[in-house]
Amino acid sequence: MRILKKCEATIVLLLKLFLFAALFLIFFVIFGQENPWLWHPSRTAAVTMITFTLFGGLMIVIYGGFRIGEQKSKELARSMVLAALMTDLVTHLMLCIMNTNDGNNSSFVYENPQLLLLVFLLQIPVIVLWTYFGNFIYFTINPTEDCCVITGAKGVGDLLPKIGRYHKRYRINQVISFSNPDVLQLIDQNDTVFLYEVPPEERAYLVEYCYAANKNIYYDFEIRDVVSLGAKATTMDDTPMVTFQVKTLTLEQRFVKRTMDLILSIIAMVITSPLMLASAIAIKVCDGGHIIFKQKRMTKDGRVFSVYKFRTMREENCVNRSVTEDDERITSPGKFLRKTRMDELPQIFNIIKGDMSIVGPRPEMLENVEKYTNALPEFQYRLRVKAGLTGLAQIQGKYNTSPKDKLMMDLMYIQQYSIWQDLKLIFQTLTIFLKASESTEAFKKSPQIVKTKNEKKGEKDESESQ
């Protein structure tokens, strides 16, 4: 086992290469039956195989890089299925283009779509089986890590259930307050340390202690951590320093982003027009009310605009507040539209108008902006860029993700902004539809910001039982 541990990086790389080779072979063996020149030296074979290799590698990077051991098998399989689908579509299109010649098709023909479907259906079980096998190998080499959670005055919140989803990787032995005199001794007894809601000075000390003791460290994001994302090392004469430059979009970036918004939103409007028409009919038939719901939202520099959405709630006696579980205000078509995110399709017109961008922080209700800014003054920083239809918080978060966590993800996006990141997030948006029940999970009924003593006691009892 020790030898395998030393060769872990090589083993993981081989697992990735074998999976990619299997997907490659499935595509070209199937299409080679109708296109035998794919297995002989030819320009068509070369171009098609290069397309599959380059675009496939790009899609794997965009959808997470097949991170064995870091993601659950279901999440890995979903991302790889999407990467394979996008690769197959582009490679098949390239094959059709290359087959447009004097010896084959005199004009472009989108040929053999049934073979494309067969290829994809054969690739899915290979991806699923290989993903579970890859994680099995990883956790055979890497035993479960012994962990402790060190918390501040606010407690662990819902952190323990989230860590518990990765039970093969982490074993929580104890939850302890940062002020406990035995905290350093507990760190020494574990492989990994989670710091959650620990005050800044104490967190800095504990991080340094964990670093000195060679312990793995996880801690929750704060504004200082967002700043560090854009920092870089420099030297002032002979003194090493950390420098941070305020991140703003350049004129070129704003031009490219706006151009991309217009082109992609117009294409999306054309492609989704049948879905929007069907949604409009379903809403009208349901209760005869308005099809479009307009609501005041806030975008860049605090500018207020009306966001467009398909109406998913009853119009009568409808209170303007966030959705909770089993919310009686939601109509029958609304449940489907919200679950599939189709209720947000009319925001394409907001993008064309310039109110929003394709990628950016979600535009919040005005009531929430005031409430969140009072609780989190840093919330105003997310208004430095235009609101977006999709973004890091929308993809990695859920409807009921805490305002602070959404804020940190929005600020991470702003601080690390690039056109390349926008393209990645646009492709990753497709993963939302594969986990619709998770990403649209609503708030619990009667959500509370401050927990009662009984709730805190319940969390303590739960943590001790684990």
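This passage describes the helical core, the sheets and selected residues of a predicted model.

The largest nonpolar core of the model contains 34 residues. Within this core, Leu23, Phe31, Phe52, Met59, Tyr63, Met80 and Ile127 touch the most other members. Four elements give two or more residues each to the core, namely helix 2 (8–34), helix 3 (43–62), helix 4 (73–98) and helix 5 (113–141). Helix 2 supplies the largest share, with 11 residues. Apart from this core lies another, of 27 residues, which includes Met298, Val385, Ala393 and Ile414.

Aromatic residues were examined next. One aromatic cluster is formed by Phe20, Phe24, Phe27, Phe28, Phe31 and Phe52. The contacts of Phe52, when its neighbours within four places in sequence are left aside, include the cluster members Phe20, Phe24, Phe27 and Phe28. Under the same condition, Phe52 is also in contact with Leu23, Gly57, Thr87, Asp88 and Thr91.

Val47 belongs to helix 3. With residues up to four places away in sequence not counted, Val47 touches Met94 and Met98. Although Val47 and Met94 are 47 residues apart along the chain, a distance of 8.0 Å separates their C-alpha atoms. The relative accessibility of Val47 is 28%, so this residue counts as partly exposed; the buried class requires a value under 20%.

A sheet of four strands forms a further part of the model. The sheet is open, its strand order is 2-1-3-4, and the pairing is parallel. Strand 2 (170–177) and strand 4 occupy the edges; each has a single partner strand, so one side of each lacks a neighbour in the sheet. On average, and with direction ignored, neighbouring strands are turned by 20° against each other. Strand 1 (residues 145–151) and strand 2 run parallel and are joined by seven bridges. In this region, Val149 stands opposite Val175 of strand 2. Helix 8 (residues 200–212) packs on the sheet and touches strand 1, strand 3 and strand 4. The direction of helix 8 makes about 160° with that of strand 4.

A search of the whole structure identifies 14 aromatic pairs. One of them joins Phe194 and Tyr218 in a stacked arrangement, with 4.7 Å from centre to centre and 15° between the planes. The pair is classed as stacked because an angle under 30 degrees between the planes meets that criterion. Phe194 lies in strand 3 (residues 192–196) and Tyr218 in strand 4 (residues 216–219), so that the pair links distant parts of the chain, 24 residues apart. The two residues differ in exposure class: Phe194 is buried, at 7% relative accessible area, whereas Tyr218 is partly exposed, at 32%. In another arrangement involving an aromatic ring, Lys72 lies over the face of Tyr166, at 5.9 Å from the ring centre.

Several residues in the loops beside these strands were also examined. Glu197, in the loop between strand 3 and helix 8, has a positive phi near 60° although the residue is not glycine. Asn214 likewise has a positive phi near 60° and is placed in the loop between helix 8 and strand 4. Asn214 counts as exposed, at 70% relative accessibility. Asp220, by contrast, is buried, with a relative accessible area of 14%. The position of Asp220 is in the loop between strand 4 and helix 9 (223–229). Leaving aside neighbours within four places in sequence, the residues in contact with Asp220 are Leu195, Tyr196, Glu197, Arg203, Asp225 and Lys404.

An antiparallel pairing is found between strand 7 (residues 292–298) and strand 8, over seven bridges. Within this pairing, Tyr308 of strand 8 is the bridge partner of Lys294. Strand 8 (residues 304–310) is largely enclosed by the rest of the structure, because five of its seven residues are buried. The hairpin of strand 7 and strand 8 has five residues between the strands, and Asp301 in this hairpin takes a positive phi near 60°.

Key:
Residues are numbered from 1 along each chain as its sequence is written. This is a predicted model: local features need pLDDT of at least 70, side-chain atom pairs count only at pLDDT 80 or more; totals for chains, interfaces and linings use all residues. Side-chain values use heavy atoms; hydrogens and water are left out. Rings of Phe, Tyr and Trp (its six-membered ring) pair if their centres lie within 6.5 Å; planes under 30 degrees apart count as stacked, over 60 as edge-to-face and the rest as tilted. Buried means under 20% relative accessible area, exposed over 50%, partly exposed in between (1.4 Å probe, protein chains only). A charge sits over a ring if NZ of Lys or CZ of Arg is within 6 Å of the ring centre and within 35 degrees of the ring normal. A nonpolar core is a set of buried Ala, Val, Leu, Ile, Met, Phe, Trp, Tyr and Cys residues joined through side-chain atoms within 4.5 Å. Contact means heavy atoms within 4.5 Å. Two strands pair if DSSP finds at least two bridges between them. Axes are lines fitted to C-alpha atoms, for helices over the stretch in contact, and angles run from 0 to 180 degrees between N-to-C directions.
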